[in-house]
Amino acid sequence: MATTRFNTDDLKRQGLKADATKGIVESIGMEVEKVDGKELMVDITPNRPDMLDIVGFTRALSLFAGEQTPREGHYGLEGEPMIEVTVSQKLKGIRPYIAAMVVRNVDLKKGNLKYLIDFTEKLADTNGRRRRKLAIGLHDFESIQPPIIYNASKEGEIVPLDGKGKHGFGEVVSGTDQGKEYGGIVGKGPYPFVADAEKTISLAPIINSELTKITETTTEIFVEITGTSVFAVRDALNLLACRFIDSGGQVQPCTIVYGKKAELTPELNYREMKVRDLSIEKSLGAYIDPNKIITMANRMGYVAAKLGKDTLFYVPPYRLDVLNEQDIIDDMAVAYGYEKITPIPIMGSAVGIEDESTARANRLARTMLGLGFGEAVNNYLTNEGLNFNAMTDKEAKGSVKVAHAKTEEITMLRTTLIPGLLQNLSSSAHDPMPQMLFEIGPVFAFDGKKIAEGKRIGIMGEHSRANFSEIKSVVESALRSLGMGSFSLAAKEVNGFVKGRCAAIVVDGKQIGYLGEIHPQVLENFKIEEPVFAAEISL
């Protein structure tokens, strides 16, 4: 989630009242962190990037409250394209895509400039994966001399934002705060850059030029978005275009030239989706009058029309999260009100009993609690940085990826329980020692052909004298509770563990897990100061 702050006076100017807004925000599915006479602070979920900005936030709330009605064709372009952006073949394999537009009649006064910059930064951090997937450049159009080129080179100069004088690309990457933070995205070059006929206006994805800086007096903006995904770049531009149109701006397209191929951006087309009324009713568990379905659709921003027993939904270009019928049904549930949906008892004659796997896990959990360990429950959705990089696993193989991930924190299914437990220790660093944790849960693997899901127990302890002998004793007690009286250890190297202080756990000639001491580099990655022992066993 991204936390966004809105000034209550600014919300009033947009026609919203902060005290009445809280209930609407929570009905839409967002969490209000704070509301007082000065500020409204909201956690925006990853599926609604359009609400990260005050314009989109106001739009969503006004529609939901019925104070505004969506109109098909509202998001239109003004005039023919004036600007042509030529893309160099040198960008292939580096950062090959760009989308651009010109926005006129822009009002950046009364705090609008700050909201716009905050919005683009949050969009680049979330959907843009901290600028790796996409980065956004805003430029004063009156300071630009067409034509525009998008190229890559190790040589070149730019006057960096808030800087004085020209600096070489390499100097900017190594010598500025932005370069140090984002320079790793482009490495040692060639560096992607956007330039007009006279100067470099952006060193993507690091910094824009001071010469094209936008201010409160700027009324025309050239927007360029560069990235590694053509879909992400186009979607982000469409989202920004809708934002400007709703705030009174006029959007003019640009022509993007890739060799012999040319395309216009943005493309503000409404997508048509057909959903059976019965599908909506089955999901909500209630009969919905056809006219009410139209009203509910309008409240979520859709233009809608009846077609026999179906409803046609016209998805506005700013709704990047709507991918299929189920997304629309979910929106219908929001508009209907989750609090109105009543659970239906599951009918059946079978009597349920605890299966052996669950009984074994419960027996093991009771043993661990008796040994003084606390139980952790972590999300099995994780990311490569936590699951592999922090554990010094350079191969990073065998993971199940999350398709179309909307946040960099959730990109894969975990392959091990150890990183999650280390993160638990890291977040409780100021608690008294010793700290002893265990977790029983699923892990996932992919061998290139099929996905395997398994259940494991992860055991971990942190204190000044944590060592191999202690975890060996804990594992012995745990296995005894499962009826495994004896086990042996075999030499094994495991990523993230100290070499020579780690071993495989073998029962009846079969490896069922491993135990040992966590490597100091891993402890440093998680900001853990005391020694840590750990074990992971398949159940």
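This report describes the predicted model of one protein chain, from its overall dimensions to selected local features.

## Basis and overall description

Local features are restricted to pLDDT of at least 70 and side-chain atom pairs to pLDDT 80 or more, whereas totals for chains, interfaces and linings use all residues. Residues are numbered from 1 along each chain as its sequence is written, and side-chain values use heavy atoms, with hydrogens and water left out.

The secondary structure of the protein chain amounts to 15 helices and 28 strands; these are DSSP runs numbered from the N terminus, helices being H or I of at least four residues and strands E of at least two. Along its principal axes, the C-alpha trace spans about 80 × 65 × 50 Å. Of the 539 residues, 50% count as buried, where buried means under 20% relative accessible area, exposed over 50% and partly exposed in between, with a 1.4 Å probe and protein chains only. Among contacts (heavy atoms within 4.5 Å) between residues at least 6 apart in sequence, 71% join residues at least 24 apart.

## The sheet of β16, β18 and β17

An open sheet of three strands follows the order β16-β18-β17, with antiparallel pairing; two strands pair if DSSP finds at least two bridges between them. Strands β16 (271-276) and β17 stand at the edges with a single partner strand each, so one side of each lacks a neighbour in the sheet. From one strand to the next, the twist averages 25 degrees. Angles run from 0 to 180 degrees between N-to-C directions, and axes are lines fitted to C-alpha atoms, for helices over the stretch in contact.

Strands β16 and β18 are joined in the antiparallel sense over six bridges, and R271 stands opposite V315 in β18. The antiparallel pairing of β17 (residues 303-307) with β18 (residues 310-315) extends over five bridges, and V303 stands opposite Y314 in β18. The hairpin of β17 and β18 has two residues between the strands, and G308 in this hairpin takes a positive phi near 65 degrees.

Two helices are associated with this sheet. Helix α8 (residues 277-284) packs on the sheet, touching β16, β17 and β18, and its direction makes about 65 degrees with that of β16. Helix α10 (residues 325-336) lies across β16 and β18 and runs at about 70 degrees to β16. Two packed helices are described by the angle between their axes and the distance between the axes. The axes of α8 and α10 come within 10 Å and cross at roughly 55 degrees. Helix α8 is therefore oblique to α10; angles under 35 degrees count as roughly parallel, over 145 as roughly antiparallel, 65 to 115 as roughly perpendicular and the rest as oblique. In this contact, S279, I280, S283 and L284 of α8 meet E325, I329, M332, A333 and Y336 of α10.

## Helix α13 and its surroundings

Seven of the 10 residues of helix α13 (residues 418-427) are buried, so the helix is largely enclosed by the rest of the structure. The buried residues are I418, P419, G420, L421, L422, N424 and L425. The elements that cover them include α12 (384-387), β23 (435-446), β24 (451-462), β27 (510-518), α15 (520-525) and β28 (532-538).

## Residue H139

H139 belongs to strand β6 (residues 134-140) and is buried, with a relative accessible area of 0%. Its C-alpha atom is separated by 8.3 Å from that of E224, which is 85 residues away along the chain. Residues up to four places away in sequence aside, H139 touches I144, I201, S202, N208, T212, I214, E220, I221, F222 and E224.

## Backbone exceptions

Most residues other than glycine have a negative phi, and most peptide bonds are trans. The table lists exceptions.

| Residue or bond | Backbone value | Location |
|---|---|---|
| G189 to P190 | cis, omega about 0 degrees | P190 in the loop between α6 (177-182) and β10 (191-195) |
| M433 to P434 | cis, omega near 0 degrees | P434 in the loop between α13 and β23 |
| T392 | phi about 60 degrees | loop between α12 and β21 |
| H404 | phi near 55 degrees | loop between β21 and β22 |

T392 counts as partly exposed at 33% relative accessibility, whereas H404 is exposed, with a relative accessible area of 67%.
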